[in-house]
Amino acid sequence: MLKKYLITFLISMVPIVELRGGIPIGVGMGVKWQTAVAICMVGNMIPVPFIFFFARKILEWGKDKPVIGKFFTWCLEKGHHGGEKLTEKAGKGMFLALMLFVGIPLPGTGAWTGTLAASLLDLDFKKSILAVMCGVILAAIIITVATLLGVAAFTAAK
């Protein structure tokens with residue numbers, strides 16, 4: 001069972017996949033949904049402070065490097081442009097906007113992307129982490145409900 005917990009945990013730490021993949025995979029491997037949710041929420045949040053403090057520095061360091069420069073520059077420009085648009089639309093509702101961006105499970109959203117955006121926008125660390133954490137909780141609720149409904153539908157179809 002420890003192996004299943006570890007796989008669930010590690011999947012939830014992977015960018016793009018995050019807990020959106022970790023919860024269904026964990027439940028599919030036989031991990032109780034409550035345990036899968038707890039494991040995935042912790043796994044999804046562990047990279048967040050590192051992303052906030054180091055991702056921007058790494059991107060800025062690599063933007064003028066031969067092989068990775070174009071991609072790193074593109075990431076910085078995309079982040080700045082997206083961040084400016086988000087700031088214009090969100091105004092004083094940045095906390096809610098960041099929480100919903102992280103929490104609504106759509107492609108390109110999640111804790112990794114939300115934290116990177118917060119870092120590029122120079123948002124307050126504590127407020128950003130809290131918004132991301134609330135978003136992770138929201139995503140966990142949505143994914144858990146969808147997973148349990150899918151399991152129930154699959155079981156009923158047998």
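1. A word on terms to begin: buried means under 20% relative accessible area, exposed over 50%, and partly exposed in between, with a 1.4 Å probe and protein chains only. By that scale, Phe53 is partly exposed, because its relative accessible area is 40%.

2. Please keep in mind that this is a predicted model, where local features need pLDDT of at least 70, side-chain atom pairs count only at pLDDT 80 or more, and totals for chains, interfaces and linings use all residues. Residues are numbered from 1 along each chain as its sequence is written, and side-chain values use heavy atoms, leaving out hydrogens and water.

3. On the fold, the protein chain has eight helices and zero strands (DSSP runs numbered from the N terminus: helices are H or I of at least four residues, strands E of at least two). The C-alpha trace spans about 55 × 35 × 25 Å along its principal axes.

4. On packing, 38% of the 158 residues in the protein chain count as buried. Of the contacts (heavy atoms within 4.5 Å) between residues at least 6 apart in sequence, 71% join residues at least 24 apart.

5. Do look at the nonpolar surface patch of about 720 Å², made by Val42, Ile46, Phe50, Phe53, Phe54, Ile58 and Trp61. Such patches take residues with over 30% relative accessible area and no salt bridge, with nonpolar side chains (Val, Leu, Ile, Met, Phe, Trp, Tyr) joined within 5 Å; a salt bridge is a side-chain nitrogen of Lys or Arg within 4 Å of a carboxyl oxygen of Asp or Glu. Helix H4 (residues 48–62) gives the largest share, five residues, and Phe53 is found in helix H4.

Technical notes
Patches are made of residues with over 30% relative accessible area and no salt bridge: like charges are joined within 9 Å, nonpolar side chains (Val, Leu, Ile, Met, Phe, Trp, Tyr) within 5 Å. Accessible areas come from the Shrake-Rupley method with a 1.4 Å probe; for residues, only the protein chains shown count as cover.
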